[in-house]
Amino acid sequence: MEQSKTGRRPVLAGFGASALATLLPDPSRSQTMDRAADLVVTNARITTLDRTKPEATALAVRDGVFVVVGDEREAMAVRGAGTRVIDAGGRRVIPGLCDNHLHVIRGGLNFNLELRWDGLRSLADAMNRLKRQVERTPPPQWVRVIGGFTEHQFVEKRLPTIDEINAVAPDTPVFILHLYDRALLNGAALRAVGYTRETPDPPGGEIVRNERGDPTGLLIAKPNATILYATLAKGPKLPLDYQVNSTRHFMRDLNRLGVTSAIDAGGGYQNYPEDYEVVSKLAADGQLTIRLAYNLFTQKPKAEKDDFLRWTSSARYGQGDDYFRLNGGGEMLVFSAADFEDFRVERPEMPASMEEDLEGVVRVLAQNRWPWRLHATYDETITRALDVFEKVDREIPLKGLNWFFDHAETVSDKSLERIAALGGGVAVQHRMAYQGEYFVERYGNRAAERTPPVARMLEMGVRTSAGTDATRVASYDPWVSLSWLVTGRTLGGLKLYPEANCLDRETALRMWTENVGWFSNEDGKKGRIEPGRLADFAVLDRDYFAVPGEEIREIESLLTVVGGKVVYGAGDLAAHGPPPPPALPDWSPVNTFGGYNKRASAETDRKYAFAASACSCDAACNLHGHAHARSWGADVPVNDGAFWGALGCSCWAF
């Protein structure tokens, strides 16, 4: 077969069942096979998601696709002298996870610059890490915490104050982005970006000021995140070779979590093709460890149609290969149709020009047979967009275009019926796991019970899949999403959903695997472990189907395979995976703290719970207020009733 430009063989596709059967090994005729398998995995508990054969104990891969899924005898029958054999140690194996909405291209450019608070259980621990990174970061570089966390995950249930940030970072600029509602800047960061009492508030944002009119360091998205984007963009950037290294580290951390594919949703300040240079280079060099289907996100208000006219004339939908391919337009199609997901403020009303603006772009896409995705938080926005889609459909049938809405937290049954009738879908993300408390505060518990109504979508037959919307709002950890889908709880522990809107574990896993294929127009190519599909899978460190619901969030992969190639190994399977390159620059937070922070054990949780109840961190303690970082970071607990060492109070401000 002809080699692709990246050196990978194309996947087998388009065969009927009988034709495919002639290509796949059968134990009775294995000796007649032309070539042996490249990889065999044995001693596994494999969840195939193939309803005709839901469980297996071994698998074999050749040319990047599964050729045997069965038992050890069947898999070893296609072993040859050069076959790599891996013993999974009786662990659970699942299809590789596919994120339906991830800003991996943009996030990769900056991953090595960012200190991650994702998964940390205490603000004190977060501030301890901030202080340590400040000490390592040379001028004029910044320390950045860019989303992926919520104050509700901390036992203290709060964000740091500006004074606390200034205390640990008097001279190094610090930028902390919390969801898309606010950013915290210390004095050094304010000086670096040039915000003074003379700086006017930009449209759609607020620079909070003190009684003298000086900026305090708090930026508020009001009513959109443009001020947060624009301020972050003022920070130093990595050179090209460092951006390549940074993107590789981001992909490796995704592999650590069992992610093998993603649909990239574009993003603000991400221009095509200029900002795709890094990922294009990795694709050309065969160094992608995540399969990427990317959407093009318009960047210029009032010039959106021009963007899509230019792109549809210069690029072809679907161009690329199984590792890197164009997936259509969105998630931003026109700025006038993009509502904002900050549940701390009232629902925004889209302007009267929305329908006309959106129709112009949708017509361009439909005429060129480009699918699209559209960011829409509220049913009011979805209803108006559907009016446009139905109007275009009457003249240019949308049948066969895999278009869909993103997010859809408050979508109604009526809108779901209209989506299904037009052949569309809904891509949900776990933003409510991070923002559910704010939604309940504004709209009440009853309204939050179907945000979004995932179980109802599936019941109605609407195309539905799951993802994260990482990195600037929620984190990229798929296991937070899977826990949220199964338990209905936020990271802060709030029970959002009744059992009727929660999913069983297999259904939730399908949301992250086979269901995503339709959204990238790869239905039938991946998402299951069965012969003929792309050989993407993960060996988990614990059994997803057996651990308590809250422990789902702690799952990692010990071995991740993409296209039959091992891209990540850990624990007793570490020797099977490639070692990571050192993160560049050498002071990168990745070299000290890694990426996503998984809790070590249930004992750690009990420690945090005890400290929170003893210290009452949501109110200042009697000795040091809220300044607990040094004691949280201590190795030896001290029990004197006032100074609790590793379980309580100390002061990070000296």
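**Strands, crossovers and packed helices**

Let's start with a pair of parallel strands: E17 (residues 373-376) and E18 (residues 404-407) are joined by four bridges. Within this pair, His 375 has Asp 406 of E18 as its bridge partner. To get from E17 to E18, the chain passes through helix H12 (residues 379-395), and the resulting β-α-β crossover is right-handed. Please keep in mind that this is a predicted model.

From E18 we can step on to strand E19 (residues 425-429), which runs parallel to E18 and is joined to it by three bridges. Here Phe 405 finds its bridge partner in Val 426 of E19. The link is again a β-α-β unit: E18, helix H13 (residues 413-421) and E19 form it, and its hand is right-handed.

Next, have a look at an open sheet of six strands with mixed pairing, whose order is E3-E2-E7-E21-E22-E23. Strand E3 (55-56) and strand E23 (565-569) stand at the edges; each has a single partner strand, so one side of each is left without a neighbour in the sheet. Further inside the order, strand E7 (residues 92-95) pairs with strand E21 (residues 537-540) in the antiparallel sense, over three bridges. Val 93 stands opposite Val 539 in E21. Helix H8 packs on this sheet, where it touches strand E22 (557-562) and E23, and the direction of H8 makes about 85° with that of E23.

H8 also leads us to the helix packing. Two packed helices are described by the angle between their axes and the distance between the axes. For H8 (residues 240-256) and helix H9 (residues 277-284), the axes come within 9 Å and cross at roughly 70°. Because angles of 65 to 115 degrees count as roughly perpendicular, H8 is roughly perpendicular to H9. Their crossing is right-handed. On the H8 side, the contact is made by Leu 240, Gln 243, Val 244, Thr 247, Arg 248 and Met 251, and on the H9 side by Glu 277, Val 278, Lys 281 and Leu 282. These contact residues divide into five nonpolar, two polar and three charged.

Helix H10 (residues 304-314) and helix H11 (residues 354-367) give us another pair, packed at an angle of about 10° with their axes 9 Å apart. That angle makes H10 roughly parallel to H11. H10 contributes Glu 304, Lys 305, Phe 308, Leu 309 and Thr 312 to the contact, while H11 contributes Gly 360, Val 361, Val 364 and Leu 365. In this contact, the residues divide into five nonpolar, two polar and two charged.

Technical notes
Residues numbered from 1 in each chain as written. Predicted model: local features only at pLDDT ≥ 70, side-chain atom pairs only at ≥ 80, totals over all residues. Heavy atoms only, no water. Axes fitted to C-alpha atoms, helices over the stretch in contact; angles between N-to-C directions. Helix = DSSP H or I, 4+ residues; strand = E, 2+ residues; numbered from the N terminus. Parallel < 35°, antiparallel > 145°, perpendicular 65-115°, else oblique. Left-handed = near helix turned anticlockwise from the far one by under 90°. Contact = heavy atoms within 4.5 Å. Nonpolar A, V, L, I, M, F, W, Y, C, P; charged D, E, K, R; others polar. Pairing = 2+ DSSP bridges. Right-handed = clockwise from strand over helix to strand, strands pointing away.
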